[in-house]
2 protein chains.
Amino acid sequence: MRGETLADIGIKEIAAKANVSIATVSYVLNGTRNVRPKTRERVLRVIEEMNYKPNNAAQSLKRKRTNTIGVIAEDVTVFNVPEIIDGINDCADKLDMHILLTNLRLDKRISRNFDQVDSYRSFAANAVSELLSKQVDGIIYIGIHPRDLTGLFDTYGKPIVYAYCYTQNDVSLQYNDEQASYDAMAHLVKQGHKRIAVITGMMDSIPSRLRFNGFYKAIMEYNLPFDPQLMKMGNWEAESGYRLTMELLELNEPPTAILAMNDVMAVGVLRAAAEVGVLIPRELSVIGFDNREFSEYLIPRISTMDLPLHEIGYQAMESLALLIKGEPIPNNPLPNCKLIERDSVAPPLRL
Amino acid sequence: MRGETLADIGIKEIAAKANVSIATVSYVLNGTRNVRPKTRERVLRVIEEMNYKPNNAAQSLKRKRTNTIGVIAEDVTVFNVPEIIDGINDCADKLDMHILLTNLRLDKRISRNFDQVDSYRSFAANAVSELLSKQVDGIIYIGIHPRDLTGLFDTYGKPIVYAYCYTQNDVSLQYNDEQASYDAMAHLVKQGHKRIAVITGMMDSIPSRLRFNGFYKAIMEYNLPFDPQLMKMGNWEAESGYRLTMELLELNEPPTAILAMNDVMAVGVLRAAAEVGVLIPRELSVIGFDNREFSEYLIPRISTMDLPLHEIGYQAMESLALLIKGEPIPNNPLPNCKLIERDSVAPPLRL
DNA sequence: CCCGATTATCTAAACCTTTAGATTTGCTTC
DNA sequence: GAAGCAAATCTAAAGGTTTAGATAATCGGG
């Protein structure tokens, strides 16, 4: 910790010491005009010596660009958010952009609040407005529950990109939920399963609906028995996985495999199976969703669909950068989930 | 999305429209001088109408204070980091501070790199220097592996606070590891356990050593049998929990309870017990550390010590704010971990 | 060695605030 | 209604950069 403050040294000091004008130093720094190699060297040396770093506040003021984006997370402690931030950050680093993070702490704050819907909107709008006054060049909004947020925020012309939200008109990054669910089914079918049950999330949830589409498509395409008894509506919680598995196992003709729409409900499946004495995967196969870290600590370790969260974040940042530059964003295909094969899937006992 | 850009409206426009000087608007905004209620009203109304937000870049330039701190995380995807950030954010909100987040992605980047130690240092030093040029008022550094970082960074007079790191001279926030481990032991002793084994983390890890101290202290104070065979050195991974539990169960006089220094190794304990046919908690009690989210999805749900991560973050921000103001930071006691009682601890079979 | 054409460098304004210090306004008191 | 004083408001500089436009230096050719 030296005595001199970083801020004490300005471009003025550098100019003086290098015997050039302030402008020249600026040109060296930004490469905006030619400067003779000899002088460039000299300036650079002085900059190095004095450990000069341009004052970002002044730069932003003049440039009307901060190279900083705002990231609004509805809740950073929710499992998929840090990965998305990691992706954003990864890309931001490469683009020399910085991240101003706002954590809405939605879950925590809303539980203390009566009119939930409104307060959530005002929290978010507040965050947007604060970030704009911080002169961010754009905003990425990371929702924890995909839903439609179209036109929610007045960003006064600054671009906004949604990660893991579903909006109609704005730029919004998701992964291919339908395909993922279809792939999971394909995996089960390849093992020989025919009677495959599904435990969905809440049906007002968009991913839940999309995943169901994939399930349904697989049923049709693979010509599997279509049996409404095998379609159970869960609510994302372990308890619902447990309860619905119990129901499934009591069926006259129980399924040989269950597709749980998240790993947490898959835990419920495991519990129910253990309780009834059904062996997994020998007597019942299970496949989850999300590749939560605990999924490989369970006994048995469950197979699951890994979400391309890093990629979502990365692409969100990429798209935002394009929007900031005013360039059109290419129509990328949705990133796909990846099957993680572990120990909860095996061929059915009786073919 | 209106046509006018936020940045188009400056204090000048407000002043003109409200028929006052620029200075007066500034006084209204900051309350730095008296302004007649009538004019204040008028100015505020115009501000409201035109949706004016002060240009933060200009403010920072003049004030030489950005109300922004830098947060450097070694890796945001590591389990304890988001909670810490949440705590920082919670406090920052109250202090009207903003967070510039830098994610070093240490784990990911270092694996691709040869000279690990050096590159880690240069990544971190780089981040510090970038943040300083962004004019942050201070920095919080969140390490993922506690270790000594004293004097690592040249912050040119800006204060820096370490969260979840161990430094000697600088301000550094941890929780009371020793007490936590002691409390866990006390819990087991209260259930009647005497032969308690410990599976440690890597012994070059500071928390591991501190937790061992707590274990040892409990052994002494409760007058428990001191048996080196019951002290196993693990490496934080599930496999080591598994292997060492196997060793423990083969002892002539096996332990009735195991203290695992993290939940991941506790998973290993569960696996080993399941394999050998030892029932948990009837025949063997297990207590973990970290309260990882999976700890309540395991069968049985394991009891564990919850870490005060939110508080660590909150206090880190509090301390940093004091340092920024040049005030002394009070000597708070270390925050404590909290026992989460679940289903993996019961009284031993034979008293 | 000078001229013209390039190329390099400099001067000064602008970006949008904050804030001393100067000036004006509004009130009280005689 | 004027003097005196406090309160309100204004003027203008400053903060560190970028960037047109102006000026100075360099170079090649005759």
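In this predicted model, a polar backbone atom of A:Arg36 lies 2.8 Å from a phosphate oxygen of DNA strand C, a polar contact being a pair of N or O atoms within 3.5 Å, where within protein one atom must be able to donate a hydrogen and the other to accept it, and residues adjacent in sequence count only if both atoms are side-chain atoms. A polar backbone atom of A:Ser21 is 2.6 Å from a phosphate oxygen of DNA strand C, and for A:Lys64 a polar side-chain atom is 3.2 Å from a phosphate oxygen of that strand. Local features require pLDDT of at least 70 and side-chain atom pairs pLDDT 80 or more, whereas totals for chains, interfaces and linings use all residues. Side-chain values use heavy atoms, without hydrogens and water.

Around DNA strand C there are 31 residues, of which A:Ser21, A:Thr24, A:Arg33, A:Thr39 and B:Arg33 come nearest, a residue being near if one of its heavy atoms lies within 4 Å of the strand. Of the atoms of DNA strand C within 4 Å of the protein, 57% belong to sugar or phosphate and the rest to bases. The largest share of the surface near the strand, five residues, is supplied by H2(B).

Away from this description of the DNA, A:Asn103 is buried, with a relative accessible area of 1%, where buried denotes under 20% relative accessible area (1.4 Å probe, protein chains only). The side chain of A:Asn103 makes a polar contact with that of B:Asp86 at 2.6 Å, and the residues touched by A:Asn103 (heavy atoms within 4.5 Å), not counting those up to four places away in sequence, include A:Val76, B:Asn89 and B:Asp93.

Methods
Residues numbered from 1 in each chain as written. Chains lettered and ligands numbered in written order. Buried < 20%, exposed > 50% of the residue type's maximum accessible area, 1.4 Å probe, protein only. Helix = DSSP H or I, 4+ residues; strand = E, 2+ residues; numbered from the N terminus.
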